[in-house]
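Student: I should like to discuss this model with you, beginning with its nonpolar interior. May I see the structure?

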Amino acid sequence: MKKQIFALSLLLSSTAFANRVMPEISKDGKTRHSSSMAVANDRRQFFNTQFEGGSAEIQDIDTLDSSDFDINGAFGNRVFSAEFSYNDNVGFAQTRPIITEVSHNREVVLLMGFRPVDLVSFGFGYRNIERDMQNKNINTFEVEASTMFNINRVSFGGAYKYVKPNSQRHGYYADLTLAGGYLDEVLSAEAGLSVKTKSQELNRGTRKEFFIGGTRKYSNLEFDTDFEYESGDNGYETGDYKRMKFNFDLEVLYTKYLYVTPGIEYRNLEINNSSSEQIYTSVDFGYREAGMDITLAFDYLADGNLEIANQDIKLDQYRVTLGMGYQF
């Protein structure tokens, strides 16, 4: 059971985010932000919906199938901006001949920004995740407030996030972020530090994270990359926690309307005596015209394994995603 829960937490969450600090400039125009810091200076207007299906095989445990529906959009002008999303994810385990629903996650996110003057912008974020897993219902609740200072093309500031990860337990932790970045018509770059405080009630230790990323557009090419490294205590005062993620993709516009985007992503997670390592490869095929963007994406786990209690477990996984968006 412990192995299945650990694997589910790794494989059934697939919502993708982009910038935390600087507004997105990607050509598809429908990539989500992950913080109110970025939305506070964003002016995009779009609507997007996405459907995803996938399967994962965990050696000697289960075959996990998942389906995902996501709807999101944004509105922005000189003074006010908002971004919203709703995600519904269902996971099924196949232990032949029985198929059982083992997880059902529903996520609601609202990020808003207010710019009274060009020099400063304020952000507010709300996120609620309802998880039904292994006959348990758990809610995660987050509220964020941020402030960004803008000088020409450079922005810097910070955010405070209140996180209550488990509605069935007392306790919360705070996520404090200081970050900055640069933005123009063809380049978006950002970097920052985040500290997540410890909580005795949650038996959770202090964790520190460094992140850096950016987007560069050049002619018919677009480069996107992100790197995250987080470390600290898994428990209140003991235990180890390390997490690293790196991804890179390159969009190539072959004709006026057609593009292809190959990519690679590396993930590593170490929690006490358990660890996981995954290398994903992906390719997106897209059509873009007059504000409309349609994408068919394929993701494949090229190499993946879990190590739990000194036992190695191989992973196999693939995902297929269809996304349709319109930028106003």
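Student: Which strand gives the largest share of the largest nonpolar core?

Tutor: This is a predicted model, in which local features need pLDDT of at least 70 and side-chain atom pairs count only at pLDDT 80 or more, while totals for chains, interfaces and linings use all residues. Residues are numbered from 1 along each chain as its sequence is written, and side-chain values use heavy atoms, with hydrogens and water left out. The largest nonpolar core (buried Ala, Val, Leu, Ile, Met, Phe, Trp, Tyr and Cys residues joined through side-chain atoms within 4.5 Å; buried is under 20% relative accessible area with a 1.4 Å probe, protein chains only) has 11 residues, including Ala56, Tyr280 and Leu315. At least two residues each come from β1 (46-58), β15 (292-308) and β16 (311-327), and the largest share, 3 residues, belongs to β15.

Student: How many residues does the second, separate core have?

Tutor: Val21, Met22, Met37 and Ala159 are among its members. The size of this separate core is 7 residues.

Student: How many helices and strands does the chain have, and what is its radius of gyration?

Tutor: Counting DSSP runs (helices H or I, at least four residues; strands E, at least two; numbered from the N terminus), the chain has 2 helices and 16 strands. The globule rule (2.2 Å times the number of residues to the power 0.38, with the radius taken over C-alpha atoms) gives 20 Å for 328 residues, so the chain is as compact as a globular protein of that length, its radius of gyration being 20 Å.

Student: Which residue in β9 stands opposite Gly181?

Tutor: Strands β8 (residues 173-183) and β9 pair in the antiparallel sense over 9 bridges, where pairing requires at least two DSSP bridges. The two strands form a hairpin with 3 residues between them. The residue opposite Gly181 is Glu190.

Student: Which residue in β10 stands opposite Ala189?

Tutor: β9 and β10 (residues 207-218) run antiparallel and are joined by 10 bridges. Ala189 lies on the uncovered face of β9. Its opposite residue in β10 is Gly214.

Student: How many charged residues line the second largest pocket?

Tutor: The second largest pocket (on a 1 Å grid over the protein atoms alone, an open set of points for a 1.4 Å probe with protein on both sides within 12 Å along at least five of seven lines; lining residues have an atom within 4 Å of a point) is lined by 16 residues, and Arg43 is one of those nearest its centre. By class (Asp, Glu, Lys and Arg charged; Ala, Val, Leu, Ile, Met, Phe, Trp, Tyr, Cys and Pro nonpolar; the others, Gly among them, polar), the lining has 5 nonpolar and 4 polar residues, and the number of charged ones is 7.

Methods
Buried < 20%, exposed > 50% of the residue type's maximum accessible area, 1.4 Å probe, protein only.
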